[in-house]
Amino acid sequence: MSGKYLVTGGAGYVGSVVARHLVEAGHDVTVLDNLSTGFREGVPAGVTFVEGDIRDAAKWLDTAGAPYHAVLHFAAFSQVGESVVKPEKYWENNVGGTMALLAAMRAAGVRKLVFSSTAATYGEPVNTPITESDPTAPTSPYGASKLAVDHMISGEAAAHGLAAVSLRYFNVAGAYGDCGERHDPESHLIPLVLQVAQGRREAISVYGDDYPTPDGTCVRDYIHVADLAEAHLLAVEAATHGEHLICNLGNGNGFSVREVIETVRQVTGHPIPEVAAPRRAGDPAVLVASAGAARERLGWNPSRADLAGIVADAWAFAQARQEG
């Protein structure tokens, strides 16, 4: 059955792919984005676009028309390094903005929320793979701001009956049609390596090659953005009033930095020069998710776990964007 959805931050990478999945499923979708980090051209066709801030969400959650079935909330600043030098920016937007959004939802009677959380809430992992019951100890203001929102949502669910699901992503990659990564500046490994293949970057920096991993480089869990989007639609249906469900999203498999670089070489046919660089502070050796809760509670089964396929989709998007 079709419904009406508000997607905050829907001009960003993940938000735009989720908005497109909602449209394809026959839903009425409004994207709210202030374009501070999103891109107008990233908003998929078939949605209503509103340029605005989540602090003003009450303007678009007015129930004078058809009420919104749910809000899917992606509007956040997400640069870990920036959050260290500008923590106030992250507290004001990620936490303050979400507080205003929750108040607007409460006033409008919108009682379902799916929140874009992050594996950064865990900090240095105690166990591998990471489960939702593992300790949360974020090592950056970005991760701390997301964890604060998770706590805020738990309180809203308990006190006011909100039906909420937080999805903690690991490394999202790939593309879905004309929706893909457009970050500026780019900080994610796969698009950075693809920039080398395109001749836009001379080499890729490998930060540390002496980690306790098979090839000495960091290992990360990569999930295709389309699998991620499907989890959001399932989360809306699984959300239960008065409960705040938290689920990790990942494939449960890890790929090292060098494995990613070699996969890009194979997919693109381009040599990818590497430059050794010192370890970055706070980079754990291994980050891999246990997604058992998402499988059990959401019925979610990712079908695009092949790293070469993830890279191929990202490469096709990067090439089309460069040619365009």
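**Close-up views of a predicted model**

**View 1. The open sheet and its edges.** In this predicted model, seven strands form an open sheet in the order 3-2-1-4-5-6-11, and their pairing is parallel. Strand 3 (48-51) and strand 11 (244-249) stand at the edges, and because each has a single partner strand, one side of each is left without a neighbour in the sheet. Neighbouring strands of this sheet are turned by 20° against each other on average, direction ignored.

**View 2. Strands 1 and 4, with the helices that pack on the sheet.** Strand 1 (residues 4-8) pairs with strand 4 (residues 70-73) in the parallel sense over four bridges, and Val7 has Leu72 of strand 4 as its bridge partner. Helix 3 (residues 87-108) packs on the sheet, where it touches strand 1, strand 4 and strand 5 (112-118), and its direction makes about 175° with that of strand 4. Helix 4 (residues 141-160) also packs on the sheet, touching strand 5, strand 6 (163-169) and strand 11, with its direction at about 155° to that of strand 5.

**View 3. Helix 5 and its cover.** Helix 5 (residues 189-197) is mostly covered, nine of its nine residues being buried; among them are Leu189, Pro191 and Gln195. What covers these buried residues includes strand 7 (171-173), strand 8 (204-207), strand 10 (222-224), helix 7 (257-268) and helix 9 (307-323). The helix is followed by Gly199, whose phi is positive, near 80°.

**View 4. The surroundings of Tyr211.** Tyr211 lies in the loop between strand 8 and strand 9 (219-220), and it is classed as buried because its relative accessible area of 6% falls under 20%. Leaving aside residues up to four places away in sequence, Tyr211 touches Gly216, Thr217, Cys218, Arg279, Arg280, Asp283, Pro284 and Ala285.

Conventions:
Residues numbered from 1 in each chain as written. Predicted model: local features only at pLDDT ≥ 70, side-chain atom pairs only at ≥ 80, totals over all residues. Heavy atoms only, no water. Buried < 20%, exposed > 50% of the residue type's maximum accessible area, 1.4 Å probe, protein only. Helix = DSSP H or I, 4+ residues; strand = E, 2+ residues; numbered from the N terminus. Contact = heavy atoms within 4.5 Å. Pairing = 2+ DSSP bridges. Axes fitted to C-alpha atoms, helices over the stretch in contact; angles between N-to-C directions.
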